[in-house]
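Student: I would like a close look at a single part of this model. Please take me through the salt bridges, and show where the partners sit.

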Amino acid sequence: MTIIKQISLFDIQQLFEMESSYRFEAIFSTFDVQPIFHLFSKKTLRGAPRECNYGAMIQSLIIRIVERIPTVKDLIKRLVNDPLFRLDCGFLVSDSVPSEASYSRMIGVISQSDVLDNMQDELIQMVFLEGFLCDEHLAFDATHFEARDASKPSEKKEAKPPKKRGRKAKEEQAAWLAEQAEIEANLTTYEKKLEAQLSISAETLWQDIPIEPKWGIKKNSDGKNMFWYGFKGHLAVSSKSQYIVGRLMSSGNLSDSKAAIPLLKKVATLLPKHFTTALFDAGYDYESIYKQALAQTMRVVIPYNVRNEGEYIGFDEHFRPTCVREHSYCYDSFDEKYHTLKFTRPKECITCPLREDSLCQKVFKIKCEADIRKYTYPARGSELWKKLYKERTAVERVNAYLKEYFQLNNVRHRTGKKAKLHFNLVTFIYNACKLAVDRMDALLQTKSKAA
């Protein structure tokens, strides 16, 4: 009997265990650094020549993330003491090692541009064209990371005079309504209600998002409030291949739900009509998010979040109809033409004495338009709904990768723009490493088939 040896596939951990020169070569082969390098090109041939090797400096910043070098100071120290590492970064033997000030100036120039956003979009489209982004489900979630800036003391608010009780006079009511209308008109894009994002373009939503560090709050696994001063990273991750298709950084106090529609619109412009299902946790259970996903012909899987709502008589916790004896009807099918969910008699009806009674209805058909939050396809509580929701853990896994392997928590720059550069660089390098691993897997599979 012959023994067939199975070829194990590469993963990111094995990529990190490769020899440094081969590892860097595999990662840099997935993208071109020229768009960043052009930011430092001379406009004319006149004047003094450039003293810094900006191409090598850019590559060394990327390698710093991959090698988990904590600070630029440590990076410079290694460049000075390790000639092979200096050559791997692209420096020539005749080049002098740049100073911390040179790196700081370079980081400031890159943070003022959107070059990494464009490179990220090009990388995702390359992944799609090479056939590594064949899955159709997107998982959405947010993760927090702290800022390098010191928290600012909160301003003391003046005590407001107590409000008068009772109905306002007509003059006071008119003045109050005018004041509220003026306040509403002066609100920023992300201070408005979530419904307003439906009519705002994706470009405006991405430009107006607040990125300055703020105090954030969330509940941990024990149900206790956790506070941090910094930012949030919002991700849209493909559930099987685990590529970051869309990412957005915001202030720490921004609600997770307010980044969902910008990410959905970004995905629609990047890969139109490719993804079929959007997976969220209960914090995203808002009607506006359902509307945006349905407008993009995407199914939505979000656990229902009860908000001061009473008991629904005649329905169970999954909004399936119940019979007289409070047995839940069984989900049967979905009519795509009329967007209708079909429910049939419960199993208990076989032995029920009321099965022939006029109160016992055989079939229920409910249109999803009746309430797009309650009646979704796949139907809540069905096996398909549970199976799809389990795939949402992909985004949590990617969040852990970014923090454990790619230094997302290690923000070494002050101000929101430079922190955004760090976030964009980390997510971009993650996708580049993922593409390098997938290419190695494809090469191994090709060689095994040829053998």
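Tutor: What follows is a walk through the salt bridges, with a little on their setting. Keep in mind that the model is predicted.

Start with the frame. The protein chain has 15 helices and nine strands. Its C-alpha atoms fill a box of roughly 95 × 90 × 40 Å along the principal axes. Of its 451 residues, 45% count as buried. Many contacts reach far along the sequence: among those between residues at least 6 apart, 67% join residues at least 24 apart.

Now the charges. The chain carries 68 positive and 58 negative ones, and their mean positions are 2 Å apart. Across the whole structure, a search finds 14 salt bridges. Three of them are worth a visit here, among them the pair D117 and R247.

Take D117 and R247 first. Their closest N and O atoms are 2.9 Å apart. D117 belongs to helix α8, residues 115-129, while R247 belongs to strand β4, residues 244-251, so this salt bridge ties together parts that are 130 residues apart in sequence. Are the two partners buried or exposed? D117 has 18% relative accessibility; the cut-off for buried is under 20%, so D117 counts as buried. R247 is buried too, with a relative accessible area of 4%.

Next, K434 and D438. Their side chains meet in a salt bridge at 3.4 Å, N to O. Both lie in helix α15, residues 416-450. They are four residues apart there, which means a separation of about one helical turn. K434 counts as buried at 13% relative accessibility. D438 is buried as well, at 11%.

The third pair is R78 and D82. Here the side chains meet at 3.8 Å, N to O. R78 is partly exposed, with 29% relative accessibility. D82 is also partly exposed, at 25%. This pair does not stand alone: R23, E67, R78 and D82 are linked in a network of salt bridges.

A little further along the sequence, the chemistry turns nonpolar. L84, L87 and V93 make a nonpolar surface patch of about 350 Å². L87 sits in helix α6, residues 83-88. At 47% relative accessibility, L87 counts as partly exposed. For scale, the accessible surface of the whole chain comes to about 26300 Å², and 52% of that belongs to carbon and sulfur atoms.

To sum up the pairs: D117 and R247 join a helix to a strand, K434 and D438 share helix α15, and R78 and D82 belong to a network with R23 and E67.

Key
Residues numbered from 1 in each chain as written. Predicted model: local features only at pLDDT ≥ 70, side-chain atom pairs only at ≥ 80, totals over all residues. Heavy atoms only, no water. Helix = DSSP H or I, 4+ residues; strand = E, 2+ residues; numbered from the N terminus. Buried < 20%, exposed > 50% of the residue type's maximum accessible area, 1.4 Å probe, protein only. Contact = heavy atoms within 4.5 Å. Areas by Shrake-Rupley, 256 points an atom, 1.4 Å probe, with all protein chains shown as cover. Lys, Arg positive; Asp, Glu negative; His and termini not counted. Charge placed at Lys NZ, Arg CZ, Asp CG, Glu CD. Patch = residues over 30% accessible without salt bridge, like charges linked within 9 Å, V, L, I, M, F, W, Y side chains within 5 Å. Salt bridge = Lys/Arg side-chain N within 4 Å of Asp/Glu carboxyl O.
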